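Here are some notes for anyone opening this one for the first time. Have a look around before reading on.

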Amino acid sequence: LSRMQAVCDQVGQKVTLKDHIVCESHRTPSDWQRDFNLFRGSAFGLTHNLQQLSLLRPRIRHPSYRGLYRVGASTRPGNGVPLVMIGAGLTASAVLRDLHDPK
C-alpha cells in the first residue's frame, strides 16, 4: 500500500490511488542530511527559528570580503521560492551598484 493511499485512507478520502501511482518516494530529515549535507536535514538551509528569520539571516554582502555576495534560502530576505527570487534580484542589484561605485 502506498504512503499516499494510506494518507487518503486515514483522512477518509474515497480515492483509490494504487492503480495510478507509477513511482513513489519520500525523504526524511536523515536523508536530506546524508544526501545534501544539510544541518539536521533542514530543507530550508539554516534552522527555521526566530533567531534566523528575515533580517537576522546573513546579509547579501559578506561583511569581511569585498565582492563576495550571497543569495538563497539561508540569506536575506529568506526561504521559499518567492523570497529567494526577490533575494536574487536584490543581490544582482547590489553587485551592479558596487561595480559602478566601488568603495
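The points below go from the whole chain down to single side chains.

1. A word on what you're looking at: this is a predicted model. The protein chain has three helices and zero strands, so if you're hunting for a sheet, stop there, as the definition of a strand run finds none. Read along the sequence, the order is simply α-α-α.

2. How much of the chain is tucked away? Buried residues account for 16% of the 103 residues in the protein chain. The accessible surface comes to about 8,200 Å², and carbon and sulfur atoms own 59% of that surface.

3. Next, contacts along the chain. Take the contacts between residues at least 6 apart in sequence: 20% of these join residues at least 24 apart.

4. Now the charged pairs. The count comes to three salt bridges. Start with Arg 34 and Asp 31, whose side chains meet with N to O at 3.3 Å. Both residues lie in helix α2 (residues 29-36), three residues apart, or about one turn of the helix. That spacing suits a pairing on one helix, because residues three or four places apart on an α-helix point the same way.

5. Arg 34 has a second partner: it also forms a salt bridge with Asp 35, where the closest N and O atoms are 2.9 Å apart. The surroundings of these residues are worth comparing by eye. Arg 34 is exposed, with a relative accessible area of 57%. Asp 35 counts as partly exposed at 35% relative accessibility, while Asp 31 counts as buried at 15%, because the cut-off for buried is under 20%.

6. Which salt bridge links distant parts of the chain? Look for Asp 98 and Arg 61, whose side chains meet at 2.8 Å, N to O. Asp 98 sits in helix α3 (residues 81-100) and Arg 61 in the loop between α2 and α3, with their positions 37 residues apart in sequence. Asp 98 counts as buried at 17% relative accessibility, and Arg 61 counts as partly exposed at 32%. As for the other residues in salt bridges, Asp 31, Arg 34 and Asp 35 are joined into one network through shared partners.

7. Helix α3 deserves its own point. It has 20 residues and reaches 29 Å from its first C-alpha to its last. That is close to the 28 Å expected at 1.5 Å a residue.

8. Where do the buried residues of α3 sit around its axis? They are Gly 87, Thr 91, Ala 94 and Asp 98. These residues cover an arc of only 60° around the axis, so they are on the same side of α3. Asp 98 is thus on that buried side as well as being a salt-bridge partner of Arg 61. Turn the helix round and the face away from the buried side carries exposed residues: Val 81, Pro 82, Met 85, Leu 99 and His 100.

9. One last thing to find on the surface is a nonpolar patch formed by Leu 83, Ile 86 and Leu 90. Together these residues have about 240 Å² of accessible area. Ile 86 lies in helix α3 and counts as partly exposed, at 46% relative accessibility. That value lets Ile 86 into the patch, because patch residues need over 30% relative accessible area.

Key
Residues are numbered from 1 along each chain as its sequence is written. This is a predicted model: local features need pLDDT of at least 70, side-chain atom pairs count only at pLDDT 80 or more; totals for chains, interfaces and linings use all residues. Side-chain values use heavy atoms; hydrogens and water are left out. Helices (H or I, at least four residues) and strands (E, at least two) are DSSP runs, numbered from the N terminus. Buried means under 20% relative accessible area, exposed over 50%, partly exposed in between (1.4 Å probe, protein chains only). Contact means heavy atoms within 4.5 Å. Accessible areas come from the Shrake-Rupley method with a 1.4 Å probe; for residues, only the protein chains shown count as cover. A salt bridge is a side-chain nitrogen of Lys or Arg within 4 Å of a carboxyl oxygen of Asp or Glu. The expected span of a helix is 1.5 Å times one less than its number of residues. The arc is that of the directions from the helix axis to the C-beta atoms. Patches are made of residues with over 30% relative accessible area and no salt bridge: like charges are joined within 9 Å, nonpolar side chains (Val, Leu, Ile, Met, Phe, Trp, Tyr) within 5 Å.
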